[in-house]
Amino acid sequence: MNFTDMLLDAERQNRSLLCVGLDPDPARFPHHMRNDPDRIYEFCAAIVDATADLAIAFKPQIAYFAAHRAEDQLERLMAHIRVAAPHVPVILDAKRGDIGSTAEQYAKEAFERYGADAVTLSPFMGFDSVQPYLRYPGKGVFLLCRTSNPGGDDFQNQRLADVPGQPKLYEHIARLAQGPWNVSGQVGLVVGATYPAEIARVRELAPTVPLLIPGVGAQGGDAQATVQAGWRGGAGGTTAAVAVNSSRAILYAGAGADFAQAARQEAERTRETLWRARLFD
Ligand SMILES: O=C(O)c1cc(=O)[nH]c(=O)n1[C@@H]1O[C@H](COP(=O)(O)O)[C@@H](O)[C@H]1O
């Protein structure tokens with residue numbers, strides 16, 4: 001099954017638009033595990049087990065593993081997700097972007113070493129930097145488009161004088177993802193939940209691509225506005241997946257021995273809010 005179908009299938013099975021972000025920070029671990037990077041796998045596996053029936057996707061952030069020399073724990077975690085949640089796709093958040101020959105190595109890392117179903121990429125270096133990922137059949141890529149951080153304005157909101165219609169950079173990226181760059185049919189976009197008006201604009205320009213939308217929870221994005229702007233589904237309509245990511249608000253919902261249960265409760269609450277927001281579409 002290709003990545004886009006996996007997402008839609010997980011949405012149906014788990015009745016969820018919630019992407020559970022796996023950003024393990026040992027300094028914020030529950031008291032009995034605090035500051036112990038050797039327990040990254042154990043922490044994340046407990047979160048996966050507690051939310052396997054609630055997530056449309058899992059999104060491990062690679063820096064949180066690499067910073068602690070914990071790539072081997074990420075490998076184990078990927079293998080664990082395959083067993084504990086075989087119906088939930090995994091988006092490796094790596095935000096790669098490099099010349100083609102180097103991108104080939106990054107693609108191999110994401111798809112062969114870690115076995116990810118999709119990866120996040122920066123489109124800044126152009127199409128040849130994205131192409132190596134598109135050669136992996138069925139694998140997804142999410143291009144950064146309108147990111148959730150305030151500094152996203154610096155480039156993404158600037159107009160491109162040399163492109164017909166003088167679109168903003170993020171609008172141009174959305175058009176490329178919907179059209180000429182989407183040679184694999186598995187290209188999606190990253191749009192921040194902190195900017196619902198821009199999510200709606202991206203949806204207008206890219207009606208059928210999956211959207212990864214981080215920024216609810218710790219960053220304060222509006223979950224309901226996000227879904228209303230980005231979700232396209234239901235009978236007769238265009239079906240385009242939306243995965244709304246929350247990391248810290250779920251991972252660190254509790255600091256006691258019952259942290260996984262606390263994470264589940266927060267995930268359930270967020271999933272419910274997102275799921276109900278579809279009804280206003
Ligand atoms: O690509 C991403 O996942 C991403 C893009 C973006 O625009 N904003 C953003 O926050 N992210 C990631 O999404 C996660 C957000 O985490 P929380 O703010 O804790 O929910 C982090 O892993 C970020 O690196």
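Let me begin with arginine 39, which counts as partly exposed because its relative accessibility is 23%, and please keep in mind throughout that what we are looking at is a predicted model. Arginine 39 forms a salt bridge with glutamate 42, and the closest N and O atoms of that pair are 2.9 Å apart. Its partner, glutamate 42, is also partly exposed, since its relative accessible area is 38%.

That pair is one example from a longer list, as the count of salt bridges comes to 14. Another example is glutamate 75 with arginine 113, where the closest N and O atoms lie 2.6 Å apart. Here the pair links distant parts of the chain, with glutamate 75 sitting in helix 4, residues 71-84, and arginine 113 in helix 5, residues 100-113, a separation of 38 residues. Glutamate 75 has a relative accessibility of 32% and therefore counts as partly exposed, and arginine 113, at 42%, is likewise classed as partly exposed.

Helix 5 comes up again with glutamate 109, which forms a salt bridge with arginine 96 at 2.9 Å between the closest N and O atoms. Because glutamate 109 lies in helix 5 and arginine 96 in strand 3, this pair ties together parts that are 13 residues apart in sequence. Are these two residues buried or exposed? Glutamate 109 is buried, with a relative accessible area of 19%, and arginine 96 is buried too, with 17%; both values fall under the 20% that defines the buried class. I should also mention a network of salt bridges, in which Asp53, Arg264 and Glu268 are linked.

Strand 3, residues 91-96, is also the place of lysine 95, and the UniProt record, an unreviewed entry, puts the feature "active site" at Lys95. Lysine 95 counts as partly exposed, because its relative accessibility is 41%. Its side chain makes a polar contact, at 2.9 Å, with the side chain of aspartate 93. Not counting residues up to four places away in sequence, lysine 95 touches Gln61, Thr120, Leu121, Ser122 and Leu144.

Finally, I would like to turn to glycine 192, which lies in the loop between strand 6 (187-191) and helix 9 (196-205). Glycine 192 counts as buried because its relative accessibility is 0%. Which residues is glycine 192 in contact with, leaving aside its neighbours within four places in sequence? They are Arg146, Thr147, Ser148, Ile199, Ile213 and Pro214. The C-alpha atoms of glycine 192 and glycine 215 are separated by 5.7 Å, although these residues are 23 residues apart along the chain.

How values were computed
Residues are numbered from 1 along each chain as its sequence is written. This is a predicted model: local features need pLDDT of at least 70, side-chain atom pairs count only at pLDDT 80 or more; totals for chains, interfaces and linings use all residues. Side-chain values use heavy atoms; hydrogens and water are left out. Helices (H or I, at least four residues) and strands (E, at least two) are DSSP runs, numbered from the N terminus. Buried means under 20% relative accessible area, exposed over 50%, partly exposed in between (1.4 Å probe, protein chains only). Contact means heavy atoms within 4.5 Å. UniProt positions are given in the numbering used here, feature names are shortened, and annotations may be inferred rather than shown by experiment. A polar contact is a pair of N or O atoms within 3.5 Å; within protein, one must be able to donate a hydrogen and the other to accept it, and residues adjacent in sequence count only if both atoms are side-chain atoms. A salt bridge is a side-chain nitrogen of Lys or Arg within 4 Å of a carboxyl oxygen of Asp or Glu.
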